[in-house]
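Please read the sequence alongside the fold shown below, and keep both in view while following the paragraphs underneath.

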Amino acid sequence: MVQSFHYSRVFVALADVDGRLAQFYRQVLHCEPTFSIPQVYSEFELPGLRLGIFQPKASQQPEFAAASSGSMSLCIEVENLQEAIAHLTHLGHPPPGAIMHTSHGDEIYAYDPAGNRLILHQSKG
């Protein structure tokens, strides 16, 4: 018989190898972390998501420094895709590609300073 386990929440945690992500997400999300230990950990409590940003210990740095965007993306649903694109461009992180028109809305890929993929999504309707 397979044993199950209980959990109270699931959240996303991003490694911040070079110390730029907490500030980036402050600017993108227009909010301050709900909990922060400078240069160690920041946590943003967002509607429907808790986002943690941690600085890996020195012994863990090589594991995260070699990482690319991988298969995980942070999808941010926006009310106005053009405004979101302009905001990221202003922050120095313009989306490199074009807007994709999908069956569920419009979206574009962007990347945070660590190379994690962001999907900016505007639903149809």
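The account that follows begins with the overall make-up and then takes up the sheets in turn.

This is a predicted model, and the protein in it contains 3 helices and 8 strands, which succeed one another along the sequence in the pattern β-α-β-β-β-α-β-α-β-β-β. Of the 125 residues, 31% are buried, while the accessible surface of the protein comes to about 8,200 Å², with 55% of that area belonging to carbon and sulfur atoms. Among contacts with a separation of 6 or more, 47% are made by residues 24 or more positions apart.

We may start with the open sheet whose 4 strands are arranged in the order 1-4-3-2, with mixed pairing. Its edge strands are strand 1 (12-15) and strand 2 (35-37), each of which pairs on one side only, and from one strand to the next the twist averages 15 degrees. Strand 1 is joined to strand 4 (residues 49-54) by 4 bridges in the parallel sense, and in this pairing L14 stands opposite I53 of strand 4. Helix 1 (residues 21-29) packs on the sheet, where it touches strand 1, strand 2, strand 3 (41-46) and strand 4, and the direction of helix 1 makes about 20 degrees with that of strand 3.

The other part of the description concerns an open sheet of 4 strands in the order 5-8-7-6, again with mixed pairing. Strand 5 (73-77) and strand 6 (100-102) stand at the edges of this sheet, and because each has a single partner strand, one side of each is left without a neighbour in the sheet. Here the twist from one strand to the next averages 30 degrees. Strand 7 (residues 105-111) and strand 8 (residues 117-123) run antiparallel and are joined by 7 bridges, with A110 placed opposite L118 in strand 8. Helix 3 (residues 81-90) lies across strand 7 and strand 8, and runs at about 155 degrees to strand 8.

A closer look at one residue may help to connect these elements. Is S73, which belongs to strand 5, buried or partly exposed? Its relative accessible area is 23%, and since buried means under 20% and exposed over 50%, S73 counts as partly exposed. Setting aside residues up to four places away in sequence, S73 touches R117 and I119. S73 and I119 are 46 residues apart in sequence, yet their C-alpha atoms are 6.7 Å apart in space.

How values were computed. Residues are numbered from 1 along each chain as its sequence is written. This is a predicted model: local features need pLDDT of at least 70, side-chain atom pairs count only at pLDDT 80 or more; totals for chains, interfaces and linings use all residues. Side-chain values use heavy atoms; hydrogens and water are left out. Helices (H or I, at least four residues) and strands (E, at least two) are DSSP runs, numbered from the N terminus. Buried means under 20% relative accessible area, exposed over 50%, partly exposed in between (1.4 Å probe, protein chains only). Contact means heavy atoms within 4.5 Å. Accessible areas come from the Shrake-Rupley method with a 1.4 Å probe; for residues, only the protein chains shown count as cover. Two strands pair if DSSP finds at least two bridges between them. Axes are lines fitted to C-alpha atoms, for helices over the stretch in contact, and angles run from 0 to 180 degrees between N-to-C directions.
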